[in-house]
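User: I am new to this structure and would like a close look at one single part of it. Could you walk me through the place where the two chains meet, taking your time over the aromatic side chains there?

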There are 2 protein chains.
Amino acid sequence: MRYIESANNPQVKRWKKLLTKKERDKTGLFIVEGFHLVEEALNAGRVEEIIILENVDLPHGLDYGATPITAVPIDIIKLISETDTPQGIFAICHQEQPTITYGNSFLLIDAVQDPGNLGTMIRTADAAGIDAVIVGHGSVDMYNAKVLRSAQGSHFHLPVIKGDISEWISELHKRQIPVYGTSLENGEAFHNIQPTDSYALIVGNEGNGVSKDLLSQTTANLYIPIYGKSESLNVAVATGILLYYLRA
Amino acid sequence: MRYIESANNPQVKRWKKLLTKKERDKTGLFIVEGFHLVEEALNAGRVEEIIILENVDLPHGLDYGATPITAVPIDIIKLISETDTPQGIFAICHQEQPTITYGNSFLLIDAVQDPGNLGTMIRTADAAGIDAVIVGHGSVDMYNAKVLRSAQGSHFHLPVIKGDISEWISELHKRQIPVYGTSLENGEAFHNIQPTDSYALIVGNEGNGVSKDLLSQTTANLYIPIYGKSESLNVAVATGILLYYLRA
């Protein structure tokens, strides 16, 4: 184990930069924080480097292989932490953007802005047994710390990739997988659709929903009836209702 | 319209105190922020007083009746705002705790801690046409600003009351309404339950779920199958899946 003491160490500056999307995009790396996420990242073989608070024990029973491990004092932990009460462990991970040539069920995410929503949607897709999540270009960065925290490790459980939703719709049509948009207007009530083995669901921006252009390319557009007086559902809740209905 | 200029005005101190649960409990009041929530509160007849930033126009087309309205400078707005970019309008509202003697569908919330989750659950119950939400004693305060924001006005659409979940279960049994707990273990898969006109659903704490004591008092306990590798679903997402399934 290596020890870095100074916050001016170039290594520390490199870690700190990973808190920005720009640097994550440039390097193809991202940083996860906390025991649970570090364990998930290790199990997925995605860890390049571990950073740990001095005097904190590395979790037992994990396969660290030849992963470089660096101990640091609390002031460096605070520099790279995005939580109020850091657990004192981080992993630098590499992004993956596999080519998805298989799979029957997909979640396509169009311009979701709230990191908590995006993370919760990735976690929900994982729970629902979806084969891959495609995050469209207008969405919040999926390697944002809050997204990673809300997803609770699901980034490491199924392919979560960046993609052009419109190109994906064409591709799914070619594979004869029905693509369902979601819309508050001019759609079909979701429970009129017969669940099938293969399907793709598109969910959209918190305020504007799925873009009209995308809705015009789908097999059908679904809505969730509102029986009370609220104007809409939270997008992550709507995603859960639809993913569980469509696969049931 | 009255004008208050000084942050030392006792009225301003009274408003500011409403940011604490203690004061809300003591006075039976709470504060909502932003045009949308103020409008919902006015429509529901729950507003005692409106506070508005000087030079901001009161929204047109609303029935203000004899509601006192006070204009204040930006530094007072900042004192009572809990958002980064205040819209400059607030309403002081009164809490309501009606006796619920009617209704077929209930959501019972046991010790949910995250304000965003609680608010989203109230919003989801509203959308699903639930007749009343009972917030158990161990939960975050339902008049917390983040809860109100996430619920997007649903506090004003259906009865959302504080209550003892165990007493409610007894009461619902007397009314012959089936009460479903939620549990990761020892339950029935939710889609084995036949949807019915009347039902009550209990959802629980983010880490520990519904308390064992409550689970022992239910008609049945349900779980949502996890088809992937995530450990669980977000509690608000789970609430949406179950409320929409049970009423479908």
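Analyst:
**A tyrosine where the chains meet**

Let's start with Y227(A), which is partly exposed, with a relative accessible area of 32%. Please keep in mind that this is a predicted model.

Y227(A) has an aromatic partner in the other chain. Its ring and that of Y244(B) have their centres 6.0 Å apart, and with the planes at 40° the pair counts as tilted. The contact crosses between chains: Y227(A) belongs to the loop between β12 (220-223) and α9 (235-247) of chain A, while Y244(B) belongs to helix α9 (residues 235-247) of chain B. Unlike the partly exposed Y227(A), Y244(B) is buried, at a relative accessible area of 2%.

These two rings have further company. F190(A) and Y245(A) join Y227(A) and Y244(B) in one aromatic cluster. Over all chains, the structure holds 12 aromatic pairs.

A charged side chain also comes to Y227(A). R247(B) sits over the face of the Y227(A) ring, 3.4 Å from its centre. There is a counterpart with the chain letters exchanged: R247(A) lies over the face of Y227(B), at 3.5 Å from the ring centre.

How are the two chains related? A rotation of 180° with 0.0 Å of shift along its axis places chain B on chain A, with an RMSD of 0.0 Å. That is the relation of a two-fold axis. The same surface serves both copies, as 100% of the contact residues of chain B recur in chain A.

Now we can step back to the whole interface. Here 29 residues of chain B are in contact with 29 residues of chain A. The size of an interface is often given as the accessible area lost when the parts come together. Between chain B and chain A, about 2300 Å² is buried, and carbon and sulfur atoms give 62% of that area. Three residues, R123(B), Y227(B) and Y244(B), supply 25% of what chain B buries against chain A, more than any other three residues.

What about salt bridges? Across the interface of chain B and chain A there are zero, although the whole structure has 16 over all chains. One of them joins E49(A) and R14(A), at 2.9 Å from N to O. That pair links strand β3 (residues 47-53) of chain A, which holds E49(A), to helix α1 (residues 10-17) of chain A, which holds R14(A), across 35 residues.

Terms used
Residues numbered from 1 in each chain as written. Chains lettered and ligands numbered in written order. Predicted model: local features only at pLDDT ≥ 70, side-chain atom pairs only at ≥ 80, totals over all residues. Heavy atoms only, no water. Least-squares fit on C-alpha atoms with pLDDT ≥ 70 in both. Contact = heavy atoms within 4.5 Å. Phe/Tyr/Trp six-rings, centres within 6.5 Å; stacked < 30°, edge-to-face > 60°. Helix = DSSP H or I, 4+ residues; strand = E, 2+ residues; numbered from the N terminus. Buried < 20%, exposed > 50% of the residue type's maximum accessible area, 1.4 Å probe, protein only. Lys NZ or Arg CZ within 6 Å of the ring centre and 35° of its normal. Buried area = accessible area lost by both parts, 1.4 Å probe. Salt bridge = Lys/Arg side-chain N within 4 Å of Asp/Glu carboxyl O.
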